[in-house]
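The following report concerns strand pairing and helix packing in one protein chain. The sequence and structure are shown first.

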Amino acid sequence: MTTMAHRLPQKRHLVTELPGPRSSSLTVRRRAAVAPAVGSAAPVYAVDADGGVVIDVDGNSLIDLGSGIAVTTVGASNPAVADAVAAQAHQFTHTCFMVTPYEGYVAVAEKLNELTPGDHEKRTVLFNSGAEAVENAVKIARLATGRDAVVAFDHAYHGRTNLTMALTAKTMPYKHNFGPFAPEVYRMPMSYPYRDPLAADGVAAADRAISMMDKQISADSLAAVIVEPIQGEGGFIVPAPGFLPTLAQWCRANRVVFIADEVQSGFCRTGDWFACDHEGVIPDLVTMAKGIAGGMPLSAVTGRAELMDAVHPGGLGGTYGGNPVACAAALAAIDQMTTLDLPARARQIGELILSSLSATAASLANDGRDVIGDIRGRGAMVAVELVRPGTTEPDPELAKAAAAHAFSRGVIVLTCGTFGNILRLLPPLAIDDELLREGLDIIGEALAAD
Ligand SMILES: *Cc1c(COP(=O)(O)O)cnc(C)c1O
């Protein structure tokens with residue numbers, strides 16, 4: 001494993017209060033021009049970013065612990081990605097794969113067929129966003145099985161389009177008053193070990209969901225089960241061991257398509273190429289996006305050849321799907337992940353985060369502030385679940401206040417969770433240890449202060 005060289009100094013450095021005057025004046029312009037429905041977690045306006053830092057218009061250098069929501073895994077300006085993007089843009093930016101195809105698309109498909117779990121024969125189709133990949137995975141599963149019903153889980157997040165809103169669990173802000181939603185979507189209980197004692201046994205939790213599916217739907221009407229192997233927006237929920245393999249096995253036995261939504265957990269994030277790899281789970285279809293292309297918009301569905309080949313010619317596609325610039329970026333990003341052994345780097349980062357958070361939890365508890373209910377995750381996808389001291393009652397106000405405190409000190413940290421009480425850490429794998437430690441120390445201070 002080689003460490004990454006950086007163009008910008010890897011230092012937190014604040015020259016104004018946050019947000020500074022230039023960011024604040026951009027916020028005024030934004031209010032008049034941009035729909036308020038789109039929020040921003042850390043409202044400073046970026047001008048540069050590299051490794052673990054984001055530079056804003058006022059010249060502040062912030063520590064990035066969010067990677068633009070798990071996207072800039074190889075860094076936000078990885079030179080290999082930047083060079084590939086520039087070279088491709090100088091050749092051609094678009095022809096449309098459905099009009100005049102190009103090698104980059106084929107090469108990305110070959111890579112994904114090789115990297116995704118399982119050594120069966122696979123095919124890939126490329127899109128632009130995670131939601132679009134999920135929509136298409138469901139289309140493929142329905143066509144291939146000739147069945148309608150789709151099962152998703154409590155705390156699931158699958159996107160903001162109509163079908164993916166239906167699959168998503170949480171109403172506010174994702175679904176509220178945006179219905180009616182796509183039909184034939186059923187929701188089953190997840191394995192959430194911290195909040196559901198039964199679910200601490202993954203096999204028992206899967207059996208509970210399977211028995212409900214049998215009763216409410218019956219397997220011969222069920223096209224697909226879709227699950228995030230580690231839930232993202234829902235709270236970095238890691239299902240208990242046995243949950244995913246038991247579900248996958250039941251799906252296989254009942255000819256139900258098992259879809260792993262690896263949009264957030266994929267591409268080295270969890271310390272392996274995919275989160276399914278940790279338990280040797282082999283999904284029928286995998287959806288991917290976020291970390292895939294060093295920040296360029298690209299998404300994919302990779303799956304069993306017999307399912308993918310069932311769809312009629314012209315049945316899948318899109319004007320921009322598998323854009324050549326995004327494909328060049330993906331090939332460069334994947335090459336960086338391989339040559340720098342970023343799965344190993346994610347595991348190292350995970351150990352560093354866990355040891356820092358455990359120390360924080362111990363020192364808070366020592367001061368009679370046992371607000372950390374749970375620390376969980378895998379690799380560089382780790383969360384702290386915040387509760388009112390001595391209870392398991394969610395404390396969303398503390399999560400919000402701690403994130404705001406960290407931001408005011410120049411650390412970008414995201415919240416998540418069905419109850420909004422979770423701080424999630426998703427640093428770029430290009431961050432160095434010293435900067436990461438400093439960011440984690442500030443999070444510790446934020447939790448002690450608020
Ligand atoms: C972010 C996310 C999506 C949606 O991806 P977009 O690119 O925002 O459409 C779908 N599934 C999971 C698990 C995600 O984390």
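Strand 8 (residues 257-261) and strand 9 run parallel and are joined by three bridges. Strands, like helices, are DSSP runs numbered from the N terminus: E over at least two residues for strands, H or I over at least four for helices. Two strands pair if DSSP finds at least two bridges between them. The model is predicted: local features need pLDDT of at least 70 and side-chain atom pairs count only at pLDDT 80 or more, while totals for chains, interfaces and linings use all residues. Residues are numbered from 1 along each chain as its sequence is written, and side-chain values use heavy atoms, with hydrogens and water left out.

On the other pairing of strand 9, four bridges connect it to strand 10 (residues 299-304), and these two strands run antiparallel. The positions that stand opposite one another are listed below.

| Residue in strand 9 | Residue opposite |
|---|---|
| V286 | A260 |
| T287 | D261 |
| T287 | V301, in strand 10 |

Within strand 9 (residues 285-288), L285 and T287 point one way, whereas V286 and M288 point the other way. All four are buried, that is, under 20% relative accessible area with a 1.4 Å probe and protein chains only.

These strands belong to an open sheet of seven strands in the order 4-10-9-8-7-5-6, with mixed pairing. Its edges are strand 4 (122-127) and strand 6 (185-188), each of which pairs on one side only. Neighbouring strands of the sheet are turned by 20° against each other on average, direction ignored. Helix 8 (residues 243-253) packs on this sheet and touches strand 5 (149-153), strand 7 (222-227), strand 8 and strand 10. The direction of helix 8 makes about 145° with that of strand 8. Contact means heavy atoms within 4.5 Å.

A helix pair completes the description. Helix 3 (residues 79-91) and helix 10 (residues 324-339) pack at about 155°, with axes 8 Å apart. Helix 3 is therefore roughly antiparallel to helix 10, a term used for angles over 145 degrees. Axes are lines fitted to C-alpha atoms, for helices over the stretch in contact, and angles run from 0 to 180 degrees between N-to-C directions. Residues A80, V81, A84, V85, Q88 and A89 of helix 3 meet P324, V325, A328, A329, A332, A333 and Q336 of helix 10.

Technical notes: Buried < 20%, exposed > 50% of the residue type's maximum accessible area, 1.4 Å probe, protein only. Parallel < 35°, antiparallel > 145°, perpendicular 65-115°, else oblique.
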